[in-house]
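Hi there,

Here is the structure I promised to pass on to you. Please have a look at it first, and then read on for what turned up in it.

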Amino acid sequence: METVRLTMAQALCRYLAAQRTELDGREVPLCAGVWAIFGHGNVAGLGHALAAARAELPLWRGHNEQSMAHAATAFAKATRRRRFMAVTTSIGPGATNLCTAAATAHVNRLPLLLLPGDVFASRVPDPVLQQLERFGDGTATVNDCLRPVSRYFDRILRPEQLLVALPQAIRVLTDPADCGPVTLALPQDVQAEAFDYPLAFFAPQRRAIRRPRPDDLELEAAATLVRRAQRPLCVVGGGAVYSEAGDALDRLARAHRVPLCETQAGKGLLPADHPWQMGGVGVTGTAAANALAGEADLILAVGSRMMDFTTASWSLFAPGAELLSVNVAPFDARKRGRPLVGDARVSLELLTARLDGWQADAAWGERAVRLAGAWR
């Protein structure tokens with residue numbers, strides 16, 4: 001087996017640079033670059049490696065850790081989760097400043113790679129500047145505060161652990177259901193330790209976003225539920241945006257007279273002048289969308305986690321209204337209603353194919369069009 005001797009930090013940079021994806025029909029780097037504030041814990045190891053890898057892995061210097069992580073999260077949202085950015089900080093308050101942004105990315109199911117420095121794994125220089133010293137736990141560091149806001153957390157205590165940790169990190173960052181922040185805590189000494197890595201580990205890899213197909217039994221149950229409805233309303237969430245389900249929603253609305261409204265995360269997928277577009281729903285919603293929500297007998301949620309701003313703390317919808325939730329994440333699909341677990345675009349295409357000949361009540365469609373016109 002052919003190997004190459006690299007420091008852990010060099011191997012990390014080389015692996016990230018080798019990951020590719022497709023965006024708008026062209027191949028691009030999966031990791032668009034690294035935001036960095038260098039200091040105690042990340043300058044000598046990772047800083048040195050990033051400086052040498054700038055041609056393949058762009059580096060941006062920030063002035064506040066939280067704003068760097070927020071910018072990386074916004075980039076992931078703008079690229080529809082097809083790409084992500086990494087953020088590296090020093091130990092101590094540098095790392096703890098990441099918590100709010102990590103929580104934001106976690107709540108919104110957005111990919112974010114956090115690479116905070118950590119205390120020496122060898123513990124020879126102990127304590128170091130800004131090290132957390134917990135009297136009853138010698139293994140605790142400030143990076144442990146990132147555990148509850150990370151979808152995947154690992155502390156790299158030996159350079160060869162990257163062989164396991166990095167594929168798992170990329171899995172989470174590209175998984176449509178499990179997507180969210182990943183934290184790889186990097187002890188200062190281990191960043192600079194060398195290992196003979198298999199050369200194949202750094203081969204370029206093109207990462208495609210999976211589109212899970214819904215279960216046939218769930219699909220048939222969902223179609224039965226929709227066909228039974230007379231006054232359906234579709235709530236378009238962020239998952240529909242990430243799935244690029246705009247055309248499928250357009251066909252659902254036009255062919256079956258289903259009015260559409262959108263959550264905060266679902267904005268921008270459908271044009272504002274779409275004839276079946278009712279605008280925002282919930283606490284910050286429009287009069288048209290909220291009036292229909294209070295009268296609908298079926299709420300078809302597509303890619304929404306149905307948080308309180310969308311549902312007005314579940315007081316918005318008519319008593320007895322059914323909820324059908326199309327979501328790639330089983331956790332979100334099974335909130336309160338009937339689940340249809342699968343990719344939003346694929347699920348809608350398959351669902352619409354089973355609705356041939358069905359339309360919502362004509363009076364319901366006319367009311368939706370009138371309300372939308374009055375709102376506009």
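**Pockets, cavities and the rest**

Let me start with the second largest pocket: its lining divides into seven nonpolar, four polar and seven charged residues. That pocket has a volume of about 290 Å³. It is lined by 18 residues, and Val 119, Arg 123, Gly 138, Thr 139 and Thr 141 are those nearest its centre. Please keep in mind throughout that this is a predicted model.

The largest pocket has a volume of about 650 Å³. It is lined by 39 residues, with Arg 81, Gly 238, Gly 239, Tyr 242 and Ser 243 closest to the centre. Four elements each give two or more residues to this lining: β2, α6 (162–174), α9 (238–242) and β16 (322–327). Of these, α9 provides the largest share, three residues. Sorted by class, the lining of the largest pocket comes to 14 nonpolar, twelve polar and 13 charged residues.

Next, the enclosed spaces. How many cavities of 30 Å³ or more does the structure hold? There are two. The largest cavity contains about 50 Å³ of space. Around it you will find Glu 262, Thr 263, Gln 264, Lys 267, Gly 280, Val 281, Thr 284, Gly 285, Phe 309 and Thr 310. By class, that lining has two nonpolar, six polar and two charged residues.

The second largest cavity holds about 30 Å³. Val 226, Pro 232, Leu 252, Val 258, Leu 298, Leu 300 and Trp 358 line it. Its lining has seven nonpolar residues, with no polar and no charged ones.

**The protein as a whole**

To step back for a moment, the protein has 15 helices and 17 strands. Its C-alpha trace spans about 75 × 45 × 35 Å along the principal axes. Of the 376 residues in the protein, 53% are buried. If you take the contacts between residues at least 6 apart in sequence, 75% of them join residues at least 24 apart.

**The nonpolar cores**

The largest nonpolar core has 72 residues. Which of them have the most contacts inside this core? They are Val 87, Cys 234, Leu 249, Met 278, Ile 299, Val 302 and Leu 324. Val 302 is a good one to click on: leaving aside residues up to four places away in sequence, Val 302 touches Cys 234, Val 235, Val 236, Gly 237, Ala 240, Leu 249, Val 326, Ala 344 and Leu 348. Another core lies apart from the largest one and has 37 residues, including Leu 162, Ala 165, Val 172 and Leu 173.

**Strand β9 and its partners**

Is strand β9 (residues 181–187) mostly covered or mostly open? It is mostly covered, with seven of its seven residues buried. This holds for both faces: Pro 181, Thr 183, Ala 185 and Pro 187 are buried on one side, and Val 182, Leu 184 and Leu 186 on the other.

Two strands run parallel to β9. Strand β7 (residues 112–118) is joined to β9 by five bridges in a parallel arrangement, and Leu 113 stands opposite Val 182 in β9. Strand β8 (residues 152–155) is also parallel to β9, with four bridges between them. Here Asp 154 has Leu 184 of β9 as its bridge partner.

**A small sheet and the loop after it**

There is also an open sheet of three strands, in the order β3-β2-β11, with mixed pairing. Its edge strands are β3 (26–29) and β11 (205–206), each of which pairs on one side only. Strand β2 (residues 19–23) runs parallel to β11, and two bridges join them. One bridge pair to look for is Arg 20 with Arg 206 in β11.

Where does Arg 207 lie? It sits in the loop between β11 and α8 (216–228). Arg 207 and Pro 29 are 178 residues apart in sequence, while their C-alpha atoms are 9.8 Å apart in space. Not counting residues up to four places away in sequence, Arg 207 touches Tyr 15, Gln 19, Arg 20, Thr 21, Leu 30, Ile 170 and Thr 174.

Enjoy exploring it, and do write back if you have any questions.

Best wishes

Methods:
Residues numbered from 1 in each chain as written. Predicted model: local features only at pLDDT ≥ 70, side-chain atom pairs only at ≥ 80, totals over all residues. Heavy atoms only, no water. 1 Å grid on protein atoms, 1.4 Å probe; cavity = no way out; pocket = protein on both sides within 12 Å on 5 of 7 lines; lining within 4 Å. Points joined across faces, edges and corners; volume = space filled by probe spheres on them. Nonpolar A, V, L, I, M, F, W, Y, C, P; charged D, E, K, R; others polar. Core = buried A, V, L, I, M, F, W, Y, C linked by side-chain atoms within 4.5 Å. Buried < 20%, exposed > 50% of the residue type's maximum accessible area, 1.4 Å probe, protein only. Contact = heavy atoms within 4.5 Å. Pairing = 2+ DSSP bridges.
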